[in-house]
Each structure stands twice: as structure tokens, then as C-alpha cells.
Amino acid sequence: MPAPFDPHPNFAEYAHPEKLVSASWLSARLGTPGLRVVESDEDSLLYDIGHIAGAVRIDWLKDLNDVEIRDYIDGEAFAELMRSKGIHPDDTIVVYGDKSNWWAAFTMWVFELFGHKDVRLLNGGRDAWMAEERDTSYEVPEFPRSDYPVPTRDDKTVRVFVDGVLKHIGKGPIIDARSHEEYTGELRNMEGYPQEGVQRPGHVPTAVSVPWNLSVYPNSRFRSRAELDEIYKDFDPNDPTVVYCRIGDRSAHSWFVLTYLLGFNNVRNYDGSWVEWGNMVRMPIVQGEQPGEPTA
């Protein structure tokens with residue numbers, strides 16, 4: 001049975017307030033049957049130095065990816081992951097993590113690929129929980145195995161591949177969620193992160209730069225509806241929209257904002273992103289401040 005929604009007044013202005021929970025709401029309900037908490041961080045070792053009591057760790061790289069084919073795990077592997085964590089298909093999942101929920105949003109997006117019905121984000125993520133000095137635990141919880149059924153991964157509704165992006169150029173908006181320096185081509189990768197072998201800097205033709213972190217306050221919580229509306233004022237919620245970044249992680253955060261906070265109807269994440277696009281032979285790119293023109 002799904003958990004009740006968080007009636008926090010700040011959430012009411014969003015298009016889908018049921019997709020967010022506050023630290024106070026979660027703290028009051030920890031241990032409730034049917035409510036499960038997942039921590040998903042960029043730095044997976046953070047879990048070991050203290051996590052929300054009862055939270056299980058899902059490592060975005062080790063647990064959700066098939067590194068051999070550079071794709072996500074299949075339905076069989078996802079079902080086994082859920083069974084091993086004791087998660088049932090009708091459980092309410094609250095995901096949280098570091099970096100303003102950047103990786104937690106990515107994990108939530110993967111859950112949606114597999115059709116889990118009720119997945120929510122903890123507003124502010126790990127940063128907010130720690131800033132409020134709420135209780136943490138070192139204990140790694142163990143839950144009885146579940147009988148999670150094997151789902152079919154949906155690669156069409158919220159995901160787009162490179163061919164789909166090529167067809168979308170000039171026909172609908174494309175949002176680049178990376179830093180502006182990556183967008184212009186000044187940097188090949190995010191500052192402070194290792195170079196992952198991208199051969200060319202720049203952006204997809206016609207893409208507009210809207211860095212993902214504009215959507216959060218310094219305390220990692222989401223900005224107000226009015227502020228988000230202003231950030232994305234040049235985009236129509238009814239237009240099919242593509243978002244991308246470096247490997248699909250930051251753009252998953254933007255996907256969440258557009259889909260659930262602003263109510264955009266059709267947003268797909270190009271998770272191949274610049275690591276794929278920037279390395280493809282003869283793939284059109286644009287460098288500089290301007291979005292560029294559609295390719296022939």
C-alpha cells in the first residue's frame with residue numbers, strides 16, 4: 001500500500017507534489033511497512049559513515065549499470081536487485097543522496113524505466129538530512145527477500161537514444177544540463193572530474209544551456225515554483241523535450257524538475273549524452289555561446 005503524500009505547504013505549488021517528501025515527513029515514518037528508503041550517492045562510501053536508519057544502498061554504477069555493454073541492467077537483474085533489498089513492487093520508495101540529489105534523481109529515473117509505481121525524492125537529499133542533524137545509523141539493514149516480478153524496461157517513454165536526438169534537432173527543444181563551460185566547449189568535462197576520453201568539446205546543435213544546478217538552492221533543496229518557471233520560461237511544457245549532460249546523470253535531475261515540478265508532458269533523457277555524442281565520427285557539434293542551426 002503506498003505511503004500517504006507529504007502535505008508540506010511548499011510542495012503544493014509544484015505540478016506533482018506527491019513526488020517529493022520532506023525530512024520531517026520521512027523522519028516521522030521511518031520503519032512504516034511499505035515505505036522503503038534508498039540512498040544513492042556519487043560517493044558510495046558516504047553510506048558507510050552514516051545513513052538514514054533502514055536505508056539500503058543502491059550504487060548507481062555497480063548495481064544499475066551493465067558496464068560490459070554500457071547500458072542499464074535488464075529486467076531480470078533489476079528484479080534480483082529488488083529481491084535482494086527486500087523491496088516489493090507496491091512499496092513506496094524514497095530516494096536520497098549527495099550532490100543535491102543529482103545521483104538520487106538518476107536512480108529514480110532508472111526505477112521509472114522499470115515501471116516502479118511510487119518513487120519519490122527526499123527534498124534536499126543527504127545534505128538536508130545532515131544539516132538538520134537528524135539521526136543516522138551505521139547499521140546495514142537486512143530485509144527478507146521479496147518476490148519482485150521481472151519487469152520490462154521501457155526505453156521509449158523517458159529515454160531517448162542518439163538516433164532519436166538526431167531526428168529531434170530542429171523539431172523540438174534540447175536542453176544541455178551541463179555547466180556553461182562544457183556547453184561552450186571551453187571544458188571537455190566538468191571541472192574537477194577526470195577526462196573520460198571525449199574527443200571533442202561543444203554541444204548538440206540547437207541545444208540551449210540550462211545547467212542542472214540552477215534548480216536548487218545552496219542548501220540543496222529545490223527552488224520555488226516561481227523561480228523554476230523563470231529558469232525554464234523559454235520552453236513550452238507541451239513540446240516534446242530532450243535533456244542531456246555528460247552521461248545522463250545531471251540531466252536526470254533536470255528531467256525530474258521539468259516532469260514533476262513543472263509538469264512538462266514529454267521529457268526524455270538522452271543518457272548517452274556527450275560522452276557518446278562527442279566521440280561519434282562525423283556527428284555535428286556546435287562550439288560557443290549560440291545554440292547553432294539544425295543540421296541538414
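How many salt bridges are counted between domain 1 and domain 2? The count is 1 salt bridge, and the paragraphs below place that pair in the setting of the two domains, in what is a predicted model.

**The two domains**

The domain assignment of the protein chain gives domain 1 as residues 9-137 and domain 2 as residues 162-278. The UniProt record, an unreviewed entry, places the feature "domain: Rhodanese" at residues 31-138 and 168-286. Over residues 31-138, the chain is 28% helix and 19% strand, and the C-alpha atoms at the two ends of this stretch lie 16 Å apart.

**Where the domains meet**

Taken over C-alpha atoms, the centres of domain 1 and domain 2 are separated by 22 Å. Contact between them involves 26 residues of domain 1 and 29 residues of domain 2, and the area buried between the two domains is about 2400 Å², with carbon and sulfur atoms giving 61% of it. On the side of domain 1, Y14, W102 and W109 together supply 28% of the area buried against domain 2, which is more than any other three residues supply.

Polar groups also take part, since 12 residue pairs in polar contact, both at pLDDT 80 or more, are counted between domain 1 and domain 2. Helices α3 (102-113) and α4 (125-131) each supply at least two residues of the side of domain 1 that touches domain 2, and α3 gives the largest share, with 7 residues. Sorted by character, the residues of this side of domain 1 divide into 13 nonpolar, 5 polar and 8 charged.

**Salt bridges**

Side chains of opposite charge can pair when their charged atoms come close. The structure as a whole holds 19 salt bridges, and two of these pairs are set out here with the distance between nitrogen and oxygen.

| Salt bridge | N to O distance |
|---|---|
| R221 and E132 | 2.5 Å |
| K19 and E112 | 3.8 Å |

The pair formed by K19 and E112 links distant parts of the chain, for K19 sits in the segment before β1 (20-21) while E112 belongs to helix α3, and the two residues are 93 residues apart. In the other pair, the side chains of R221 and E132 meet in a salt bridge.

Methods. Residues numbered from 1 in each chain as written. Predicted model: local features only at pLDDT ≥ 70, side-chain atom pairs only at ≥ 80, totals over all residues. Heavy atoms only, no water. UniProt positions renumbered as here; feature names shortened; annotations may be inferred. Helix = DSSP H or I, 4+ residues; strand = E, 2+ residues; numbered from the N terminus. Domains from an automatic or database assignment. Contact = heavy atoms within 4.5 Å. Buried area = accessible area lost by both parts, 1.4 Å probe. Salt bridge = Lys/Arg side-chain N within 4 Å of Asp/Glu carboxyl O. Polar contact = N/O pair within 3.5 Å; in protein donor to acceptor, adjacent residues only side chain to side chain. Nonpolar A, V, L, I, M, F, W, Y, C, P; charged D, E, K, R; others polar.
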